[in-house]
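Me: I would like a close look at one part of this model. Please start there and work outwards.
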Amino acid sequence: MDIKAIVLDIDGTLLNSKKKISEKTKQALINAQKKGVKVILASGRPTPGMFGLAEELEMTKYEGYLVSYNGARVTDCLTKEVIFNQAMAVETSQAILEHLKKFNVQPMIDKDDYLYVNDVYNGMLDLPEGPFNIIQYESRGGNFKLCEIDDLAAFATFPINKILIAAQPDYLQEHAEAIHAPFDETVTAAFSAPFYFEFTDKGIDKAKALNAVFPEMGIHSYNMIAFGDGQNDRSIIEYAGIGVAMGNAVDELKAIADDVTLSCDEDGIAAGLEKYL
């Protein structure tokens, strides 16, 4: 198989449990780019939160691409040009944010340099790993400043690529259907982690973004190898010619993947590339 592109989820895939790219994985990806293979980061993360990782992988030098907001935007690392963008309608975003007031969740939206939330001091989640400040994590990870807005629904008069909500995992599992149901015809919703539930425009996923941009460059699905670990990676695992689930992936992703590699803490990407490139 002629592999022209490597598609990578970030959290739980490219990054290990310490939120770092291991040296072995980094070198494997840089070596692939030296051979002419494109690297495409495909994440639920906002675009500003991906540039640092792209620089670490030398993706500007080798003209890699960022698929952000779960596929709602594609950006060229070299030129910073947005080459695909599909946001939700303003009225849809406002209706979702109004609906979310009924639930014990933390909605987050971003615009330019800011992450907007209701209460910057109400971001603590009680996770199995211990207390976790989700608002701090999102603002730091996306390189955002924080701003409090009492009524996000009234404030959101601009196109939004993604509405992120965070909550206790058990609560989200219990209420996800009720949260999503009124908007089933107008948006796509998915878990990206047990404590994250995300809204994008209808039909948006990582694979749609890949298919909208890369065939025109001569990079088709069968020229891609994709790595992922979460439910929102299903589309790229199914789309790519070789879809590889990480050893730490959710069981449903492992079940539909072409292969399962080592975990993100065991250099699973490097092991997969050694096998297929």
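Which residues line the largest cavity?

Reply: The model is predicted: local features need pLDDT of at least 70, side-chain atom pairs count only at pLDDT 80 or more, and totals for chains, interfaces and linings use all residues. Residues are numbered from 1 along each chain as its sequence is written, and side-chain values use heavy atoms, with hydrogens and water left out.

The lining of the largest cavity consists of Pro 46, Tyr 69, Met 108, Ile 109, Asp 110, Leu 115, Glu 138, Phe 144, Lys 162 and Leu 164. The structure holds one cavity of 30 Å³ or more. The volume of the largest cavity is about 80 Å³. A cavity is a set of points, on a 1 Å grid over the protein atoms alone, where a 1.4 Å probe fits but cannot get out; a pocket is an open set with protein on both sides within 12 Å along at least five of seven lines; lining residues have an atom within 4 Å of a point. Grid points are joined across faces, edges and corners, and a volume is the space filled by probe spheres set on them.

E6 gives the largest share of the cavity lining, three residues. Helices (H or I, at least four residues) and strands (E, at least two) are DSSP runs, numbered from the N terminus. Strand E6 covers residues 106-111. It belongs to an open sheet of six strands, ordered E10-E7-E6-E11-E13-E12, with mixed pairing. Two strands pair if DSSP finds at least two bridges between them. The edges are strand E10 (145-148) and strand E12 (187-193), each paired on one side only. From one strand to the next, the twist averages 25°.

E6 pairs with strand E11 (residues 163-166) over three bridges, in the antiparallel sense. There, Gln 106 stands opposite Ala 166 of E11. Helix H3 (residues 90-99) packs on this sheet and touches E6, E11, E12 and strand E13 (196-201). The direction of H3 makes about 10° with that of E11. Contact means heavy atoms within 4.5 Å. Axes are lines fitted to C-alpha atoms, for helices over the stretch in contact, and angles run from 0 to 180 degrees between N-to-C directions. Helix H4 (residues 134-141) lies across E6, strand E7 (114-117), E10, E11 and E13, at about 160° to E7.

H4 also takes part in the lining of the largest pocket. Strand E9 (130-133), H4, helix H6 (169-180), E12 and E13 each supply at least two residues of that lining. The pocket holds about 1,000 Å³ of space. Its lining counts 42 residues, and Asp 11, Lys 19, Ala 193, Pro 194 and Phe 195 lie nearest its centre.

Now the other sheet. Eight strands form it, open and mixed, in the order E5-E4-E3-E2-E1-E14-E15-E16. Its edge strands are E5 and strand E16 (259-260), each paired on one side only. E1 and E2 run parallel over four bridges. Leu 8 stands opposite Leu 41 in E2. H10 packs on this sheet, touching E1, E14, E15 and E16, at about 155° to E14. Helix H7 (residues 206-213) lies across E1, E2, strand E3 (65-68), E4, E5 and E14, running at about 130° to E5.

At the E5 edge, strand E4 (residues 73-76) joins strand E5 (residues 82-85) through three antiparallel bridges. Arg 73 faces Asn 85 in that pair. Five residues separate the two strands of this hairpin, and Lys 80 in the turn has a positive phi of about 65°.

Leu 8 and Leu 41 return in the largest nonpolar core. That core has 29 residues, and Ile 6, Leu 8, Leu 14, Leu 29, Leu 41 and Phe 227 have the most contacts inside it. A nonpolar core is a set of buried Ala, Val, Leu, Ile, Met, Phe, Trp, Tyr and Cys residues joined through side-chain atoms within 4.5 Å. Buried means under 20% relative accessible area, exposed over 50%, partly exposed in between (1.4 Å probe, protein chains only). Leu 29 touches Ile 6, Leu 8, Leu 14, Val 39, Leu 57, Ile 269 and Leu 273, not counting residues up to four places away in sequence. A second, separate core of 27 residues includes Ala 5, Ala 42, Tyr 65 and Ile 219.

Two loop residues complete the tour. Glu 63, between H2 and E3, has a positive phi of about 55° although it is not a glycine. Glu 63 counts as partly exposed because its relative accessibility is 26%. Asp 267, between E16 and H10, has a positive phi of about 60°, again without being a glycine. Asp 267 counts as buried because its relative accessibility is 18%.
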